[in-house]
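Here is a set of short questions and answers on one protein chain and its ligand. Keep the structure open while reading.

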Amino acid sequence: MAGQVNPFESLQEQVDDAAAFLDADPGLIERLKNPERLLETNLTFERDDGSLETVRAYRSQFNGDRGPYKGGIRYHPNVTRDEVKALSGWMAYKCAVVDVPYGGGKGGIAIDPADYSEDELERLTRAFATELRPLIGVDRDIPAPDVNTGQREMNWIKDTYETLENTTAPGVITGKAIDSGGSEGRVEATGRSTALAARETFDWLDDDVADATVAVQGYGNAGSVAAALLADLGATIVAVSDSSGGIHDPEGLDPRSVKAHKAETGSVTGYGDTDPLTNDELLTLDVDLLVPAALENAINGDLAPDVSADVIVEAANGPLTPRADDVLADRDVYVVPDIFANAGGVTVSYFEWVQNRQRFHWTESRVNEELERVITGAFDDIVEAYESHDLRNLRTAAYVVAIDRIVDAADQAGSWP
Ligand code: NAD
């Protein structure tokens, strides 16, 4: 992957591109390009051998005009201050584009969790939760899972918060296990919105996703679920990859069986009777639909001319650099942006929070129906902006919709002398 592009600069460029089509005060747009608040802290925790280790952690609260800050917590060696700032901004625009009443936030710890035991990760996560305690809260800032975190970490954060606050507050975090107040459908939600976004886009283009060949980069939570649900819609998944490499079968893979192979062996590689391929080969494969579902900057301006897909649906956050966007727009490749395509995760997080507040549990079919309503409605709003402003790509259209909503909320709040 091209790691040189600073994701925070990408975010700021994306906001500027869309702001050019809106009649908003430049001073307000400047605020909407930067987080309101950033926690940068050091966490010291005990290793299993009794030694102490200190690692760097962040939480960025980007914008609170439409509701509490909301966004995941990532454990990855590449976590930096600017990455967290960018991810928190994408969350603010994501919540606005699907009209979920939240602002944006994001957090992260710069570690490779594979280097630590479960006990060490628990001590570290609880140390982070203790640092986060003054910032988070059911109506203030609500973290969730992201890369390399899941229900386990969310349950630890919730338990630490509740113990320190001497209360029960399941809505302080989303992405919890069902018995700890989680929602049906949350684990699948990001992949589900990715598949729905692909279906809507192919329909809009007078095509049918059932006839599409698909390559998926990244086979974690988002990528593996998207692959399975796209296959359920009739699409043929011809290639998938993870950080160890990729596999290709022009006849089509069984995504659930590949997932089981990865769960057993740690990687998709070596699955069945498939050909190996590199990640760049996967990204440039001749397919109808490409789903980047790994990390930022997977496709940059150098790789974009070689991308052969007709449609790209971004399950990952920030997988295309702004230069890649320019190249792909010039080549009439439709890019369905992250802030819309992967918004299923935050939308079902919102449903989880609503259920926690109601102390009530929805059925999985209700969650999935409400999610489909939100995603199809948001797609219509994006297409309306794309066509009415004659925009160059769907990303700018999504930002126009999102920024407009945040600017409206800020205007309605008025100014504070
Ligand atoms: P995950 O940790 O479950 O999976 C990430 C996958 O990417 C793994 O299979 C990993 O091996 C693979 N990967 C890493 N580097 C790679 C590389 N260079 N080439 C190919 N594969 C590589 O994470 P996830 O939750 O699926 O998140 C993936 C992306 O989706 C991230 O950008 C995340 O921010 C975004 N996202 C996730 C959610 C969610 O609910 N999980 C919601 C919104 C957005």
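## The ligand shell

Q: By class, how many nonpolar, polar and charged residues does the shell around the ligand have?
A: This is a predicted model, and its side chains are sorted here by class. The shell has five charged residues. The rest of the shell by class is 11 polar and eight nonpolar residues.

Q: How many residues surround the ligand, and which are the closest?
A: Being near the ligand takes a heavy atom within 4 Å. By that cut-off, 24 residues surround the ligand. The closest are Asp146, Thr190, Asn221, Ala222 and Asn317.

Q: At what distance does a backbone N or O atom of Asn221 lie from an oxygen atom of the ligand?
A: Asn221 is among the closest residues to the ligand. The atom on its side of this pair is a backbone N or O. Its partner is a ligand oxygen, and the distance is 2.9 Å.

Q: Which distance separates a backbone N or O atom of Ser243 from an oxygen atom of the ligand, and which one applies to Ala294?
A: Each pair joins a backbone N or O atom to a ligand oxygen, with Ser243 in one and Ala294 in the other. The Ser243 distance is 3.0 Å. For Ala294 the value is 3.0 Å.

Q: What percentage of the accessible area that the ligand has on its own does the protein cover?
A: On its own, the ligand has 820 Å² of accessible area. The share of this area covered by the protein is 85%.

Q: Which helices and which strand each supply at least two residues of the shell around the ligand?
A: Two helices and a strand meet this mark. The helices span 186–204 and 221–232, and the strand spans 236–242. They are helix 6, helix 7 and strand 7.

Q: From which domains does the shell around the ligand draw at least three residues each?
A: The shell is not confined to one domain. One contributor spans 36–171 and another spans 189–341. These are domain 1 and domain 2.

Q: Is Ala222 buried or exposed?
A: Ala222 sits in helix 7. Its relative accessibility is 16%, and the cut-off for buried is under 20%, so the class follows. Ala222 is buried.

## The nonpolar core

Q: How many residues does the largest nonpolar core have?
A: In soluble globular proteins, nonpolar side chains tend to be buried together. In this model, the residues with the most contacts inside the largest core are Tyr93, Leu230, Val240, Leu289, Phe340, Tyr399 and Ile403. The size of that core is 87 residues.

Q: Where does the largest share of this core come from?
A: The core draws at least three residues from each of domain 1 and domain 2. The largest share is 11 residues, from the element at residues 394–413. That element is helix 14.

## Single residues

Q: Which backbone nitrogen does the side chain of Glu162 reach?
A: Glu162 lies in helix 5, residues 151–165. Glu162 counts as buried because its relative accessibility is 11%. Its side chain makes a contact at 2.6 Å with the backbone nitrogen of Ala169.

Q: What is the phi of Asn166?
A: Asn166 lies in the loop between helix 5 and helix 6. It counts as exposed because its relative accessibility is 71%. Asn166 is not a glycine, yet its phi is positive, at about 55°.

Q: What is the phi of Arg359?
A: Arg359 sits in the loop between helix 12 and helix 13. Its relative accessible area is 57%, so Arg359 is exposed. It is not a glycine either, but its phi is positive, at about 50°.

Q: How far apart in space are Asp306 and Ile339, C-alpha to C-alpha?
A: Asp306 lies in the loop between strand 10 and strand 11. At 46% relative accessibility it is partly exposed. Along the sequence, 33 residues separate Asp306 from Ile339, and in space the separation is 24 Å.

Q: What separates the C-alpha atoms of Val100 and Ser308?
A: Val100 is in the loop between helix 3 and strand 4. With a relative accessible area of 2%, Val100 is buried. Val100 and Ser308 are 208 residues apart along the chain, and their C-alpha separation is 34 Å.

Note on methods. Residues numbered from 1 in each chain as written. Predicted model: local features only at pLDDT ≥ 70, side-chain atom pairs only at ≥ 80, totals over all residues. Heavy atoms only, no water. Polar contact = N/O pair within 3.5 Å; in protein donor to acceptor, adjacent residues only side chain to side chain. Areas by Shrake-Rupley, 256 points an atom, 1.4 Å probe, with all protein chains shown as cover. Helix = DSSP H or I, 4+ residues; strand = E, 2+ residues; numbered from the N terminus. Nonpolar A, V, L, I, M, F, W, Y, C, P; charged D, E, K, R; others polar. Domains from an automatic or database assignment. Core = buried A, V, L, I, M, F, W, Y, C linked by side-chain atoms within 4.5 Å. Buried < 20%, exposed > 50% of the residue type's maximum accessible area, 1.4 Å probe, protein only.
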